[in-house]
Amino acid sequence: MLTDTIEDARKEMDKTVEAFRHELARVRTGRASTALVENLQVNYYGAKTPLRQLAGLSAPEPRLIVITPYDKGAMHEIEKAIQASDLGLMPMNDGKLIRIPIPELTEERRKDLVKHVRKIGEEFRVGIRNHRRDANDMLKEMHKEKQATEDEMRTGEAKVQLYTTEFIEKIDKVLTAKEAEIMEV
């Protein structure tokens, strides 16, 4: 039971790091990535549908995303969803596919994006710390209910702290790489 609690905390922390990576993939860096648009919600015959379910997405060039709708009737709605998003991108529709050129980022916009990803990073660090707190609370509860000795509880808390440090370092490493990607010209 004690090891289950510690292992569950580790798994939750790992999921948090993966969610952070996924969240950062959606941040625009001046380089084309289908992750920028794949989760955009498109009004498809009255139902909000993720773009990746309505079209093939590709980034054939570093500054271009190409969207090939499976249903040509959805092109107008896809175009509207891109324009309505907060990405600041202008789609070009040629009747068969939609091209989205990715403009160069200004220095000021790059600095704003770095601030934004740091804020996201801190939110995910807090998530890791929350998993630590939850695991430690469970360990204390197990000790209180005589399911674990005080030594086992302290050892468990130390192991959870090691995991916390390890996963916060992983978040910092991913964050540093994203900052470098944003600032590269």
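This tour passes through a predicted model, from the whole chain to single residues.

**The whole chain**

Begin with the protein chain in a cartoon representation, coloured by secondary structure. The assignment comes to four helices and six strands. Traced along the sequence, these elements follow the pattern α-β-β-β-β-α-β-β-α-α. The radius of gyration of the protein chain is 22 Å, well over the 16 Å that the globule rule gives for 185 residues, so the chain is more spread out than a compact globule. Switch to the C-alpha trace and align the view with the principal axes: the trace spans about 70 × 40 × 25 Å. If the display is then coloured by accessibility, 41% of the 185 residues count as buried. A contact map of the protein chain gives a further view: among contacts between residues at least 6 apart in sequence, 62% join residues at least 24 apart.

**The hairpin of β1 and β2**

Select residues 41-44, which are strand β1, together with residues 47-50, which are strand β2. The two strands pair in the antiparallel sense, and four bridges hold the pairing. To check the register, show N43 and find K48 of β2 opposite.

Next, select Y45, which is placed in the loop between β1 and β2. This hairpin has two residues between its strands. The phi of Y45 is near 50°, a positive value in a residue other than glycine. Is Y45 buried or exposed? Y45 counts as exposed, because its relative accessibility of 67% is over the 50% cut-off.

**The four-stranded sheet**

Now select β3 (55-61), β4 (64-69), β5 (92-93) and β6 (residues 98-101). These four strands form an open sheet in the order β3-β4-β6-β5, with antiparallel pairing. The edge strands are β3 and β5, each of which pairs on one side only.

It is convenient to cross the sheet one pairing at a time, starting from β3.

- β3 and β4: five bridges join these antiparallel strands. A hairpin connects β3 to β4 through two residues. Show S58, and V66 in β4 stands opposite.
- β4 and β6: the pairing is antiparallel, over four bridges. Show I67, and I98 in β6 stands opposite.
- β6 and β5: two bridges join these strands, which run antiparallel. Show M92, and R99 in β6 stands opposite.

Add helix α2 (residues 75-84) to the selection, since the next contact involves the sheet. Helix α2 packs on the sheet and touches β3, β4, β5 and β6. The direction of α2 makes about 15° with that of β6.

Before leaving the sheet, colour β4 by accessibility. How many of the six residues of β4 are buried? Five of the six are buried, and β4 is thus described as mostly covered.

When side chains are displayed on these strands, one general rule helps in reading them. In a regular strand the side chains alternate between the two faces of the sheet.

**The pair of helices α3 and α4**

Select helix α3 (residues 107-144) and helix α4 (residues 150-183). Two packed helices are described by the angle between their axes and the distance between the axes. Here the angle is about 170°, and the axes lie 10 Å apart. Because that angle is over 145 degrees, α3 is roughly antiparallel to α4. By class, the contact of α3 with α4 has 15 nonpolar, six polar and 13 charged residues.

Now select K146, which is found in the loop between α3 and α4. The phi of K146 is near 65°, a positive value in a residue other than glycine. K146 is exposed, because its relative accessible area of 73% is over 50%.

**Last stop: E157**

Finish on E157, which lies in helix α4. Is E157 buried or exposed? E157 is buried, because its relative accessible area of 14% is under 20%. Which residues is E157 in contact with, leaving aside its neighbours within four places in sequence? The contacts are with N136, L139 and K140. Display these three residues together with E157 to view the set of contacts.

How values were computed:
Residues numbered from 1 in each chain as written. Predicted model: local features only at pLDDT ≥ 70, side-chain atom pairs only at ≥ 80, totals over all residues. Heavy atoms only, no water. Pairing = 2+ DSSP bridges. Buried < 20%, exposed > 50% of the residue type's maximum accessible area, 1.4 Å probe, protein only. Contact = heavy atoms within 4.5 Å. Axes fitted to C-alpha atoms, helices over the stretch in contact; angles between N-to-C directions. Parallel < 35°, antiparallel > 145°, perpendicular 65-115°, else oblique. Nonpolar A, V, L, I, M, F, W, Y, C, P; charged D, E, K, R; others polar. Rg over C-alpha atoms; globule rule 2.2 N^0.38 Å.
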